[in-house]
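Work through the exercises below with the sequence and the coordinates open. Each task is followed by a solution in steps.

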Amino acid sequence: MLIDKVRELVTNKENEMIDFRRDLHKNPELSMQEFETSKKIAKELEKMGIKCRLANPTGVIAEIEGAKKGKTVLLRADIDALPIKEENEIEYKSINEDISHACGHDTHAAMLLNAAYALNELRNEFNGTVRLLFQPGEETGEGSVAMVRDGAIDGVDNAFGAHIFTIFKTGEIGATTGQTFAANNFVTLTFKGLTTHGSTPQKGGDALIMASSFIMNAQNIISREIDLLEEPAVLTFGKINGGEVANSVCGEVKIEGGFRAFTTESVKFVIDRIKTMANDIAKMYGGEVEIETKQGAAPVFIDEKSGKLMKKVAAEIVGEENVKTEVRFSGSEDFGLYLEGFEGRKGVPGAYAIVGAKSDDDERTHKFNHASDFFIDESAMKNGAMMYVIYAIEYLNQDEF
């Protein structure tokens, strides 16, 4: 059976997978600076005889051809680290000051490399092409943009990714359909009025009044204009700068914030309402406003057919009773850009799995991602590697979608 062959191949390389992960963990690189990481990955792929190229500006793209021509499935792992000082006291602790793999991207790269080995060994058992994507810059949202621009989803029929999380135990896999990760968008508003002496406010235009009025009223977009049961969203303004002295009317205020929503339609609605409300308030107080928006990550929406296949694969690996189907995060994952598309490139259907890596026997593994002492049960990595392999083969060898 396929599962037995894959399990054997992945397990045979489990020690090498863990060693490679530990090397990346010890030598983390920040988003869009993963040059040495990319070289290490490319070197391993070349040792396997797998064709690959360095992406622009960093990251790696490789392909494995099956027995015959067919569809193309993309397997994606992110490779960047975070600007977080590591507090774990381990042999492979980060040697790069104030940088660490606190989100598990080192494990993703190692899992996909192990999967690449297995897929290359099994290439006569599937038709079509497996495209391997080692993506930079997930944490900043820059990486998926760069990869799409570099042709990563051109000609792709389906995409699959996976993430290590300690919300689930080792031996559990999260697999669902529908809304899974939220979109993450940023907004900067600069309200402009007219500075004047505090004793003659009627001669100026108070940008502080504009900004404060906007901040208070903007929350109504979420609490009064959106059905939060159907379209959960959250809006936060976390930074404000303005004014010069206490006895002067403020002429300019800059506000920075962000919001999360689970659908593209919700994102567009919130942006449109922010723009309308900000302009109306600025005009009401005799000023004007400049507005900048930036997409951080697109929503991750898993279609029914891809999700169904993912659940089936997960059950084959860990047993149906260990597949967690209630999965939804208000956090973001820039894998969503491959599903949504970008700059005229059409998105592709796909799925995204959560690989549990919490051990009851090791309290260190109970910390959540992005903690300075984030730690995983490395025995969970083989489950992620097998997910990559079996999803790819079973997708390519079916003709339902």
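The exercises cover a sheet, a helix, two cores, three residues and a pocket, all in a predicted model.

**Exercise 1. The open sheet**

Give the strand order of the open sheet of 8 strands, and find which strands stand at its edges.

Solution.
- Step 1. The order is β1-β2-β4-β3-β5-β18-β6-β15, and the pairing is mixed.
- Step 2. At the edges stand β1 (51-54) and β15 (323-324). Each has a single partner strand, so one side of each has no neighbour in the sheet.
- Step 3. For one pair within the order, take β5 (residues 158-169) and β18 (residues 350-358): they run parallel and are joined by 8 bridges. In this pair, A159 has G350 of β18 as its bridge partner.
- Step 4. Helix α4 (residues 105-121) packs on the sheet and touches β2 (60-65), β3, β4 (129-135) and β5. The direction of α4 makes about 145 degrees with that of β3.

**Exercise 2. Helix α5**

Determine where α5 (residues 142-149) lies and how many of its residues are buried.

Solution.
- Step 1. Helix α5 lies across β2 and β4, and runs at about 140 degrees to β4.
- Step 2. The cut-off for buried is under 20% relative accessible area. By this criterion G143, S144, V145, A146, M147 and V148 of α5 are buried.
- Step 3. That makes 6 of the 8 residues, so α5 is largely enclosed by the rest of the structure.
- Step 4. The packing partners of the buried residues of α5 are β2, β4, α9 (336-340), β16 (341-342) and β17 (345-346).
- Step 5. After α5 comes G151, with a positive phi near 90 degrees.

**Exercise 3. Nonpolar cores**

Which residues have the most contacts inside the largest nonpolar core, and which helix gives the most to it?

Solution.
- Step 1. The largest nonpolar core has 95 residues, and L45, V130, L132, F134 and F160 have the most contacts inside it.
- Step 2. Helix α10 (residues 381-396) gives the most to this core, contributing 12 residues.
- Step 3. A second core, separate from this one, has 29 residues, among them A233, A261, I274 and A278.
- Step 4. Return to F134 and set aside its neighbours within four places in sequence. F134 is then in contact with I41, L45, G59, V60, A77, I79, A109, L112, L113 and M147.

**Exercise 4. Three strand residues**

Classify T72, T188 and I302 as buried or exposed, and list what each one touches beyond four places in sequence.

Solution.
- Step 1. T72 lies in strand β3 (residues 72-78). Its relative accessible area is 10%, so T72 is buried. The contacts of T72 are T129, R131, G155, V156, D157, N158, Y395 and L396.
- Step 2. T188 is part of strand β8 (residues 183-192). With 18% relative accessibility, T188 counts as buried, since the cut-off is under 20%. T188 touches K254, I255, E256, E290, I291 and E292.
- Step 3. I302 belongs to strand β14 (residues 300-302). I302 is buried because its relative accessibility is 1%. I302 is in contact with T176, T177, G178, T180, G307, M310, G350, A351 and Y352.
- Step 4. Also compare I302 with L339, 37 residues apart along the chain: their C-alpha atoms are separated by 8.4 Å.

**Exercise 5. Partners of β12**

Find how many bridges join β12 to β8 and to β10, and in which sense the strands run.

Solution.
- Step 1. Strand β12 (residues 252-261) pairs with β8 over 10 bridges in the antiparallel sense. Here N185 has F259 of β12 as its bridge partner.
- Step 2. Strand β10 (residues 233-242) is joined to β12 by 9 bridges, and these two also run antiparallel. In β12, E256 stands opposite K239.

**Exercise 6. The largest pocket**

What is the volume of the largest pocket, and which strand gives the most to its lining?

Solution.
- Step 1. The space in the largest pocket is about 430 Å³.
- Step 2. Its lining consists of 23 residues, of which E138, E139, G331, S332 and H370 lie nearest the centre.
- Step 3. At least two lining residues come from each of β5, β8 and β13 (288-297). Strand β13 gives the most, with 3 residues.

Technical notes
Residues numbered from 1 in each chain as written. Predicted model: local features only at pLDDT ≥ 70, side-chain atom pairs only at ≥ 80, totals over all residues. Heavy atoms only, no water. Core = buried A, V, L, I, M, F, W, Y, C linked by side-chain atoms within 4.5 Å. Buried < 20%, exposed > 50% of the residue type's maximum accessible area, 1.4 Å probe, protein only. Contact = heavy atoms within 4.5 Å. Pairing = 2+ DSSP bridges. Axes fitted to C-alpha atoms, helices over the stretch in contact; angles between N-to-C directions. 1 Å grid on protein atoms, 1.4 Å probe; cavity = no way out; pocket = protein on both sides within 12 Å on 5 of 7 lines; lining within 4 Å. Points joined across faces, edges and corners; volume = space filled by probe spheres on them.
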